[in-house]
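The exercises below concern the surroundings of two ligands. Work through each task before reading its solution.

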Amino acid sequence: MEYKIAVIGGDGIGPEVVAEGMKVLDAVSELYNFELRWIEYPHGGEHYLRTGELMSEETLKDIERCDAIYFGSIGDPRVKPGILEQGILLTLRFYFDQYVNLRPVKLLEGVHTPLADKQPGDIDFMVVRENTEDFYVGIGGSVKGGKSHDTLELARKLYSIRFNLDIEGDADELAYQIGVLTRAGCERVMRFAFELARETGKKRVTSVDKANVLTYGYGFWREIFTEVAKDYPDIETEFNFVDAMCMWMVKNPEWYRVIVAPNMFGDIITDLGAMIQGGLGLAPGANINPEGVSMFEPIHGSAPKYKGKGVSNPIAAIWAGAMMLSSIGEKPAADTVLRAIESVLRAGKVRTYDLGGSSKTSEVGDAIAGAIKI
Ligand code: NAD
Ligand code: IPM
Ligand code: MN
(Lines give C-alpha, C1' and ligand atoms only; values in the text may rest on other atoms or scores of the structure.)
(Ligands and ions follow the chains in the order given, each with its own letter.)
Protein backbone atom coordinates (compact mmCIF):
# COMPACT_ATOMS: atom_id res chain seq x y z
CA MET A 1 0.00 0.00 0.00
CA GLU A 2 1.26 3.47 -0.85
CA TYR A 3 0.03 6.73 0.66
CA LYS A 4 0.69 10.14 -0.82
CA ILE A 5 1.42 12.67 1.87
CA ALA A 6 1.69 16.40 1.20
CA VAL A 7 4.40 17.86 3.40
CA ILE A 8 4.54 21.54 4.30
CA GLY A 9 7.43 22.10 6.69
CA GLY A 10 6.73 25.85 6.73
CA ASP A 11 8.72 28.33 8.79
CA GLY A 12 11.11 28.46 11.71
CA ILE A 13 11.45 25.12 13.45
CA GLY A 14 8.67 23.59 11.31
CA PRO A 15 10.92 21.94 8.70
CA GLU A 16 13.29 20.61 11.40
CA VAL A 17 10.59 18.88 13.43
CA VAL A 18 8.75 17.56 10.38
CA ALA A 19 11.99 16.00 9.08
CA GLU A 20 12.22 13.96 12.28
CA GLY A 21 8.60 12.92 11.91
CA MET A 22 9.28 11.70 8.38
CA LYS A 23 12.29 9.77 9.63
CA VAL A 24 10.21 7.97 12.27
CA LEU A 25 7.25 7.33 9.96
CA ASP A 26 9.56 5.93 7.28
CA ALA A 27 11.02 3.56 9.88
CA VAL A 28 7.61 2.31 10.99
CA SER A 29 6.29 2.02 7.43
CA GLU A 30 9.07 -0.44 6.60
CA LEU A 31 8.10 -2.61 9.50
CA TYR A 32 4.42 -2.64 8.53
CA ASN A 33 4.96 -2.91 4.78
CA PHE A 34 3.39 0.24 3.53
CA GLU A 35 4.95 3.15 1.75
CA LEU A 36 4.73 6.86 2.37
CA ARG A 37 5.34 8.97 -0.70
CA TRP A 38 6.22 12.43 0.56
CA ILE A 39 5.31 15.31 -1.73
CA GLU A 40 7.00 18.42 -0.40
CA TYR A 41 5.64 21.93 -0.81
CA PRO A 42 7.75 25.02 -0.20
CA HIS A 43 4.98 27.22 1.23
CA GLY A 44 5.83 29.53 4.09
CA GLY A 45 7.37 32.93 4.80
CA GLU A 46 10.43 32.49 2.60
CA HIS A 47 8.39 31.29 -0.38
CA TYR A 48 5.94 34.16 0.12
CA LEU A 49 8.66 36.79 0.25
CA ARG A 50 10.30 35.34 -2.86
CA THR A 51 7.22 34.68 -5.02
CA GLY A 52 4.27 36.50 -3.42
CA GLU A 53 2.35 33.23 -3.26
CA LEU A 54 0.60 32.21 -0.06
CA MET A 55 -1.50 29.22 -1.13
CA SER A 56 -2.89 29.16 -4.65
CA GLU A 57 -6.02 27.40 -5.85
CA GLU A 58 -3.76 25.31 -8.06
CA THR A 59 -1.66 24.13 -5.12
CA LEU A 60 -4.79 23.34 -3.12
CA LYS A 61 -6.13 21.23 -6.00
CA ASP A 62 -2.79 19.50 -6.22
CA ILE A 63 -2.79 18.73 -2.50
CA GLU A 64 -6.32 17.35 -2.82
CA ARG A 65 -4.86 14.28 -4.56
CA CYS A 66 -3.04 13.34 -1.37
CA ASP A 67 -4.18 11.05 1.42
CA ALA A 68 -3.17 13.50 4.13
CA ILE A 69 -1.17 16.64 4.86
CA TYR A 70 1.76 16.71 7.26
CA PHE A 71 2.35 20.26 8.42
CA GLY A 72 5.14 21.89 10.46
CA SER A 73 4.41 25.47 11.45
CA ILE A 74 3.95 28.84 9.89
CA GLY A 75 4.97 32.34 11.00
CA ASP A 76 7.91 34.53 10.02
CA PRO A 77 8.97 37.68 11.89
CA ARG A 78 9.63 39.42 8.54
CA VAL A 79 5.96 39.14 7.58
CA LYS A 80 3.11 41.03 9.30
CA PRO A 81 1.29 38.75 11.79
CA GLY A 82 -1.73 37.10 10.25
CA ILE A 83 -0.71 37.06 6.59
CA LEU A 84 0.92 33.64 6.60
CA GLU A 85 -1.27 32.24 9.36
CA GLN A 86 -4.44 33.11 7.47
CA GLY A 87 -3.10 32.80 3.94
CA ILE A 88 -1.60 29.35 4.44
CA LEU A 89 -2.68 27.52 7.58
CA LEU A 90 -6.27 28.74 7.88
CA THR A 91 -6.72 28.53 4.12
CA LEU A 92 -5.80 24.84 4.27
CA ARG A 93 -8.11 24.16 7.22
CA PHE A 94 -11.02 25.96 5.53
CA TYR A 95 -10.46 24.74 1.98
CA PHE A 96 -10.39 21.12 3.09
CA ASP A 97 -13.23 21.77 5.55
CA GLN A 98 -11.25 20.25 8.41
CA TYR A 99 -13.90 21.08 10.92
CA VAL A 100 -12.44 19.18 13.85
CA ASN A 101 -9.17 20.13 15.48
CA LEU A 102 -8.46 17.18 17.73
CA ARG A 103 -5.84 17.84 20.39
CA PRO A 104 -5.02 15.15 22.95
CA VAL A 105 -3.76 16.44 26.29
CA LYS A 106 -1.92 13.54 27.84
CA LEU A 107 0.97 13.52 30.28
CA LEU A 108 3.33 10.73 29.26
CA GLU A 109 5.50 8.82 31.69
CA GLY A 110 8.90 10.37 32.27
CA VAL A 111 7.64 13.89 31.55
CA HIS A 112 7.56 16.60 34.18
CA THR A 113 4.34 18.58 34.55
CA PRO A 114 4.47 21.97 36.25
CA LEU A 115 1.31 20.94 38.16
CA ALA A 116 2.26 19.79 41.63
CA ASP A 117 1.18 16.28 42.64
CA LYS A 118 -0.19 15.25 39.25
CA GLN A 119 0.75 11.92 37.68
CA PRO A 120 0.42 10.69 34.08
CA GLY A 121 -3.02 9.12 34.70
CA ASP A 122 -4.31 12.46 36.00
CA ILE A 123 -3.81 14.35 32.75
CA ASP A 124 -5.43 12.47 29.90
CA PHE A 125 -8.24 14.09 27.95
CA MET A 126 -9.10 15.17 24.43
CA VAL A 127 -9.96 18.63 23.23
CA VAL A 128 -12.25 18.73 20.21
CA ARG A 129 -11.86 22.24 18.87
CA GLU A 130 -14.23 23.58 16.22
CA ASN A 131 -11.96 24.58 13.35
CA THR A 132 -13.85 26.56 10.70
CA GLU A 133 -16.02 29.19 12.42
CA ASP A 134 -16.20 31.60 15.38
CA PHE A 135 -13.85 34.61 15.32
CA TYR A 136 -11.61 32.74 12.87
CA VAL A 137 -13.84 33.48 9.88
CA GLY A 138 -11.80 36.60 9.15
CA ILE A 139 -14.74 38.96 8.86
CA GLY A 140 -14.29 42.48 10.10
CA GLY A 141 -13.06 45.88 9.19
CA SER A 142 -12.14 49.30 10.42
CA VAL A 143 -13.81 52.66 10.13
CA LYS A 144 -12.25 56.08 10.23
CA GLY A 145 -14.35 59.23 10.38
CA GLY A 146 -17.59 57.74 11.63
CA LYS A 147 -19.28 56.21 8.62
CA SER A 148 -18.89 53.18 6.40
CA HIS A 149 -20.69 50.57 4.42
CA ASP A 150 -19.11 47.16 4.18
CA THR A 151 -20.15 44.04 2.35
CA LEU A 152 -18.47 41.05 3.90
CA GLU A 153 -18.68 37.59 2.46
CA LEU A 154 -18.05 34.19 3.90
CA ALA A 155 -17.83 31.18 1.61
CA ARG A 156 -17.59 27.69 3.04
CA LYS A 157 -18.40 24.18 1.86
CA LEU A 158 -21.47 24.23 4.13
CA TYR A 159 -22.82 27.67 3.20
CA SER A 160 -22.15 31.14 1.91
CA ILE A 161 -23.12 34.21 3.89
CA ARG A 162 -23.13 37.90 3.08
CA PHE A 163 -23.16 40.69 5.68
CA ASN A 164 -24.20 44.18 4.60
CA LEU A 165 -23.07 46.50 7.34
CA ASP A 166 -23.83 50.19 7.71
CA ILE A 167 -21.79 51.74 10.45
CA GLU A 168 -22.39 55.23 11.72
CA GLY A 169 -21.13 56.93 14.83
CA ASP A 170 -18.82 59.58 16.21
CA ALA A 171 -15.92 57.41 17.31
CA ASP A 172 -12.85 58.74 15.45
CA GLU A 173 -11.70 55.34 14.57
CA LEU A 174 -12.90 51.84 15.25
CA ALA A 175 -12.27 48.23 14.33
CA TYR A 176 -14.68 45.33 14.52
CA GLN A 177 -14.40 41.59 14.14
CA ILE A 178 -17.38 39.35 13.66
CA GLY A 179 -17.61 35.79 14.90
CA VAL A 180 -19.93 33.39 13.14
CA LEU A 181 -21.42 30.12 14.36
CA THR A 182 -23.91 28.08 12.37
CA ARG A 183 -26.17 25.30 13.58
CA ALA A 184 -24.69 22.84 11.09
CA GLY A 185 -21.14 23.90 11.94
CA CYS A 186 -21.65 23.46 15.68
CA GLU A 187 -23.65 20.28 15.43
CA ARG A 188 -21.12 18.35 13.39
CA VAL A 189 -18.21 19.06 15.72
CA MET A 190 -20.32 18.31 18.80
CA ARG A 191 -21.42 14.98 17.32
CA PHE A 192 -17.77 14.18 16.67
CA ALA A 193 -17.01 14.88 20.34
CA PHE A 194 -19.85 12.64 21.56
CA GLU A 195 -18.88 9.81 19.20
CA LEU A 196 -15.28 10.11 20.40
CA ALA A 197 -16.46 9.90 24.01
CA ARG A 198 -18.33 6.71 23.14
CA GLU A 199 -15.50 5.12 21.20
CA THR A 200 -12.84 5.84 23.78
CA GLY A 201 -14.96 5.19 26.87
CA LYS A 202 -14.22 8.74 28.05
CA LYS A 203 -17.85 9.22 28.93
CA ARG A 204 -18.09 12.87 29.86
CA VAL A 205 -18.26 15.75 27.39
CA THR A 206 -17.61 19.24 28.71
CA SER A 207 -18.76 22.13 26.56
CA VAL A 208 -16.77 25.37 26.82
CA ASP A 209 -18.19 28.80 26.19
CA LYS A 210 -18.68 32.29 27.56
CA ALA A 211 -22.46 32.26 27.27
CA ASN A 212 -22.75 34.61 30.24
CA VAL A 213 -21.37 37.49 28.18
CA LEU A 214 -21.30 36.58 24.48
CA THR A 215 -24.92 35.58 24.67
CA TYR A 216 -25.79 35.48 20.98
CA GLY A 217 -23.01 33.28 19.73
CA TYR A 218 -22.26 31.10 22.71
CA GLY A 219 -25.86 31.04 23.92
CA PHE A 220 -26.60 29.49 20.54
CA TRP A 221 -23.67 27.09 21.00
CA ARG A 222 -25.16 25.97 24.36
CA GLU A 223 -28.60 25.48 22.88
CA ILE A 224 -27.19 23.23 20.14
CA PHE A 225 -25.05 21.30 22.61
CA THR A 226 -28.11 20.62 24.77
CA GLU A 227 -30.00 19.28 21.75
CA VAL A 228 -27.16 17.13 20.45
CA ALA A 229 -26.58 15.71 23.95
CA LYS A 230 -30.09 14.21 23.91
CA ASP A 231 -28.92 11.71 21.30
CA TYR A 232 -26.19 10.50 23.67
CA PRO A 233 -27.93 9.67 26.96
CA ASP A 234 -25.05 7.38 27.95
CA ILE A 235 -22.61 10.31 28.02
CA GLU A 236 -22.46 12.72 30.94
CA THR A 237 -22.43 16.41 29.99
CA GLU A 238 -21.63 19.74 31.59
CA PHE A 239 -20.91 23.37 30.70
CA ASN A 240 -17.82 25.30 31.73
CA PHE A 241 -17.21 28.99 31.21
CA VAL A 242 -13.84 29.33 29.58
CA ASP A 243 -12.29 31.41 32.35
CA ALA A 244 -13.25 28.90 35.00
CA MET A 245 -12.14 26.06 32.77
CA CYS A 246 -8.60 27.47 32.70
CA MET A 247 -8.62 27.34 36.48
CA TRP A 248 -10.04 23.80 36.63
CA MET A 249 -7.57 22.51 34.02
CA VAL A 250 -4.80 23.49 36.42
CA LYS A 251 -6.52 22.46 39.65
CA ASN A 252 -8.27 19.21 38.64
CA PRO A 253 -7.22 18.12 35.16
CA GLU A 254 -8.21 14.55 36.06
CA TRP A 255 -11.87 15.60 35.88
CA TYR A 256 -11.85 16.05 32.12
CA ARG A 257 -12.53 13.40 29.48
CA VAL A 258 -13.62 15.08 26.23
CA ILE A 259 -13.88 18.84 25.89
CA VAL A 260 -15.67 20.45 22.96
CA ALA A 261 -14.83 24.09 22.32
CA PRO A 262 -15.51 26.86 19.85
CA ASN A 263 -12.51 27.76 17.73
CA MET A 264 -10.90 30.58 19.69
CA PHE A 265 -11.38 29.14 23.18
CA GLY A 266 -10.13 25.82 21.84
CA ASP A 267 -6.98 27.54 20.64
CA ILE A 268 -6.34 29.15 24.00
CA ILE A 269 -7.07 26.19 26.25
CA THR A 270 -4.88 23.86 24.16
CA ASP A 271 -1.75 25.94 24.77
CA LEU A 272 -2.61 25.64 28.46
CA GLY A 273 -3.22 21.93 27.87
CA ALA A 274 0.17 21.66 26.16
CA MET A 275 1.91 23.16 29.17
CA ILE A 276 0.32 20.81 31.69
CA GLN A 277 1.38 17.85 29.54
CA GLY A 278 4.99 19.00 29.59
CA GLY A 279 5.16 21.84 27.07
CA LEU A 280 4.47 22.82 23.49
CA GLY A 281 7.18 20.46 22.30
CA LEU A 282 4.92 17.55 23.27
CA ALA A 283 1.47 18.59 22.01
CA PRO A 284 0.11 17.23 18.72
CA GLY A 285 -3.00 18.12 16.79
CA ALA A 286 -5.10 16.76 13.94
CA ASN A 287 -7.23 18.91 11.65
CA ILE A 288 -9.84 16.41 10.59
CA ASN A 289 -12.41 16.23 7.84
CA PRO A 290 -13.79 12.72 8.33
CA GLU A 291 -14.82 12.59 4.66
CA GLY A 292 -11.91 14.50 3.15
CA VAL A 293 -8.22 15.34 3.40
CA SER A 294 -7.01 15.82 6.97
CA MET A 295 -3.92 17.64 8.19
CA PHE A 296 -1.61 16.78 11.07
CA GLU A 297 0.67 19.20 12.88
CA PRO A 298 2.28 20.00 16.19
CA ILE A 299 0.17 22.69 17.88
CA HIS A 300 3.19 24.91 18.48
CA GLY A 301 4.28 27.64 16.11
CA SER A 302 7.47 28.40 14.26
CA ALA A 303 9.40 29.47 17.40
CA PRO A 304 11.60 31.75 15.27
CA LYS A 305 14.34 32.18 17.85
CA TYR A 306 15.17 28.47 17.62
CA LYS A 307 15.12 28.29 13.83
CA GLY A 308 18.08 26.42 12.37
CA LYS A 309 19.56 25.63 15.79
CA GLY A 310 18.46 22.01 15.74
CA VAL A 311 17.46 22.10 19.40
CA SER A 312 13.67 22.10 19.33
CA ASN A 313 11.63 19.14 20.44
CA PRO A 314 10.28 17.06 17.52
CA ILE A 315 7.99 14.88 19.66
CA ALA A 316 4.82 16.95 19.05
CA ALA A 317 5.42 16.61 15.30
CA ILE A 318 6.22 12.90 15.55
CA TRP A 319 3.11 12.29 17.64
CA ALA A 320 1.06 14.25 15.07
CA GLY A 321 2.57 11.89 12.50
CA ALA A 322 1.27 8.96 14.53
CA MET A 323 -2.20 10.52 14.48
CA MET A 324 -1.86 10.77 10.72
CA LEU A 325 -1.06 7.05 10.43
CA SER A 326 -4.07 6.20 12.50
CA SER A 327 -6.27 8.37 10.31
CA ILE A 328 -5.10 6.84 7.01
CA GLY A 329 -5.82 3.36 8.34
CA GLU A 330 -2.45 2.27 9.78
CA LYS A 331 -3.47 2.11 13.42
CA PRO A 332 -1.00 -0.61 14.53
CA ALA A 333 1.87 1.47 13.07
CA ALA A 334 0.51 4.55 14.86
CA ASP A 335 0.44 2.68 18.17
CA THR A 336 3.99 1.53 17.58
CA VAL A 337 5.16 5.12 17.08
CA LEU A 338 3.48 6.19 20.29
CA ARG A 339 5.10 3.31 22.18
CA ALA A 340 8.49 4.34 20.79
CA ILE A 341 7.95 7.95 21.91
CA GLU A 342 6.94 6.68 25.36
CA SER A 343 9.93 4.39 25.69
CA VAL A 344 12.39 7.19 24.81
CA LEU A 345 10.72 9.57 27.27
CA ARG A 346 10.63 6.93 29.98
CA ALA A 347 14.32 6.12 29.51
CA GLY A 348 15.02 9.85 29.86
CA LYS A 349 18.45 9.79 28.22
CA VAL A 350 17.71 11.59 24.99
CA ARG A 351 15.77 14.78 25.49
CA THR A 352 15.78 18.33 24.20
CA TYR A 353 16.34 21.48 26.27
CA ASP A 354 12.65 22.02 27.03
CA LEU A 355 12.59 18.69 28.88
CA GLY A 356 15.77 19.50 30.77
CA GLY A 357 18.18 17.74 28.39
CA SER A 358 20.69 18.89 25.80
CA SER A 359 20.02 16.52 22.90
CA LYS A 360 19.59 17.76 19.36
CA THR A 361 16.30 17.57 17.48
CA SER A 362 17.77 14.90 15.20
CA GLU A 363 19.04 12.81 18.14
CA VAL A 364 15.50 12.60 19.49
CA GLY A 365 14.26 11.57 16.02
CA ASP A 366 17.01 8.93 15.79
CA ALA A 367 16.22 7.57 19.25
CA ILE A 368 12.50 7.26 18.50
CA ALA A 369 13.12 5.72 15.07
CA GLY A 370 15.55 3.32 16.77
CA ALA A 371 12.94 2.33 19.34
CA ILE A 372 10.41 1.34 16.70
CA LYS A 373 9.62 -2.32 17.09
CA ILE A 374 6.50 -4.42 16.87
P1 NAD B 1 5.43 29.22 19.34
O2 NAD B 1 4.58 28.05 19.59
O3 NAD B 1 6.09 29.29 18.03
O4 NAD B 1 6.56 29.28 20.42
C5 NAD B 1 6.42 29.72 21.76
C6 NAD B 1 7.56 29.14 22.59
O7 NAD B 1 7.27 27.78 22.89
C8 NAD B 1 8.91 29.08 21.90
O9 NAD B 1 9.62 30.27 21.98
C10 NAD B 1 9.59 27.95 22.63
O11 NAD B 1 10.09 28.41 23.86
C12 NAD B 1 8.44 27.00 22.89
N13 NAD B 1 8.34 25.95 21.86
C14 NAD B 1 7.46 25.89 20.83
N15 NAD B 1 7.66 24.79 20.12
C16 NAD B 1 8.68 24.12 20.69
C17 NAD B 1 9.36 22.90 20.41
N18 NAD B 1 9.01 22.10 19.39
N19 NAD B 1 10.39 22.54 21.21
C20 NAD B 1 10.74 23.30 22.25
N21 NAD B 1 10.15 24.46 22.58
C22 NAD B 1 9.12 24.87 21.80
O23 NAD B 1 4.50 30.50 19.59
P24 NAD B 1 4.73 32.06 19.24
O25 NAD B 1 6.12 32.45 19.61
O26 NAD B 1 3.59 32.74 19.85
O27 NAD B 1 4.55 32.14 17.66
C28 NAD B 1 5.61 32.19 16.70
C29 NAD B 1 5.01 32.19 15.32
O30 NAD B 1 4.33 30.95 15.07
C31 NAD B 1 3.93 33.27 15.09
O32 NAD B 1 4.12 33.76 13.79
C33 NAD B 1 2.62 32.53 15.23
O34 NAD B 1 1.58 33.12 14.50
C35 NAD B 1 2.99 31.20 14.64
N36 NAD B 1 2.17 30.06 15.07
C37 NAD B 1 1.94 29.11 14.12
C38 NAD B 1 1.29 27.95 14.45
C39 NAD B 1 1.09 26.91 13.41
O40 NAD B 1 1.68 26.97 12.37
N41 NAD B 1 0.26 25.93 13.66
C42 NAD B 1 0.87 27.74 15.77
C43 NAD B 1 1.12 28.74 16.72
C44 NAD B 1 1.79 29.89 16.36
C1 IPM C 1 -2.78 26.93 16.34
C2 IPM C 1 -2.30 28.30 15.97
C3 IPM C 1 -3.16 28.84 14.84
C4 IPM C 1 -4.57 28.97 15.40
C5 IPM C 1 -2.71 30.17 14.23
C6 IPM C 1 -1.28 30.18 13.84
C7 IPM C 1 -3.58 30.52 13.05
O8 IPM C 1 -2.26 29.14 17.08
O9 IPM C 1 -2.77 26.03 15.48
O10 IPM C 1 -3.14 26.71 17.51
O11 IPM C 1 -4.89 29.96 16.07
O12 IPM C 1 -5.35 28.06 15.15
MN1 MN D 1 -2.65 28.08 18.96
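**Exercise 1: ligand 2**

In the pocket of ligand 2, an N or O atom in the side chain of Tyr136 is 2.6 Å from an oxygen atom of the ligand. This is a predicted model, in which local features need pLDDT of at least 70, side-chain atom pairs count only at pLDDT 80 or more, and totals for chains, interfaces and linings use all residues. Residues are numbered from 1 along each chain as its sequence is written, chains are lettered from A and ligands numbered from 1 in the order in which they are written, and side-chain values use heavy atoms, with hydrogens and water left out.

Task: describe the shell around ligand 2 by residue and by class.

Step 1. List the residues with a heavy atom within 4 Å of the ligand: Glu85, Leu89, Arg93, Arg103, Arg129, Tyr136 and Asp267.

Step 2. Sort them by class: two nonpolar, no polar and five charged. Here Ala, Val, Leu, Ile, Met, Phe, Trp, Tyr, Cys and Pro count as nonpolar, Asp, Glu, Lys and Arg as charged, and the others, Gly among them, as polar.

Step 3. Add two further distances to ligand oxygen atoms: 2.9 Å from a polar side-chain atom of Arg103, and 2.9 Å from a side-chain N or O atom of Asp267.

**Exercise 2: ligand 1**

Task: find which atoms of ligand 1 are paired with Glu297, Gly301 and Tyr353.

Step 1. Polar side-chain atoms lie 3.1 Å (Glu297) and 2.9 Å (Tyr353) from a nitrogen atom of ligand 1.

Step 2. For Gly301, a backbone N or O atom lies 2.7 Å from an oxygen atom of ligand 1.

Methods: A polar contact is a pair of N or O atoms within 3.5 Å; within protein, one must be able to donate a hydrogen and the other to accept it, and residues adjacent in sequence count only if both atoms are side-chain atoms.
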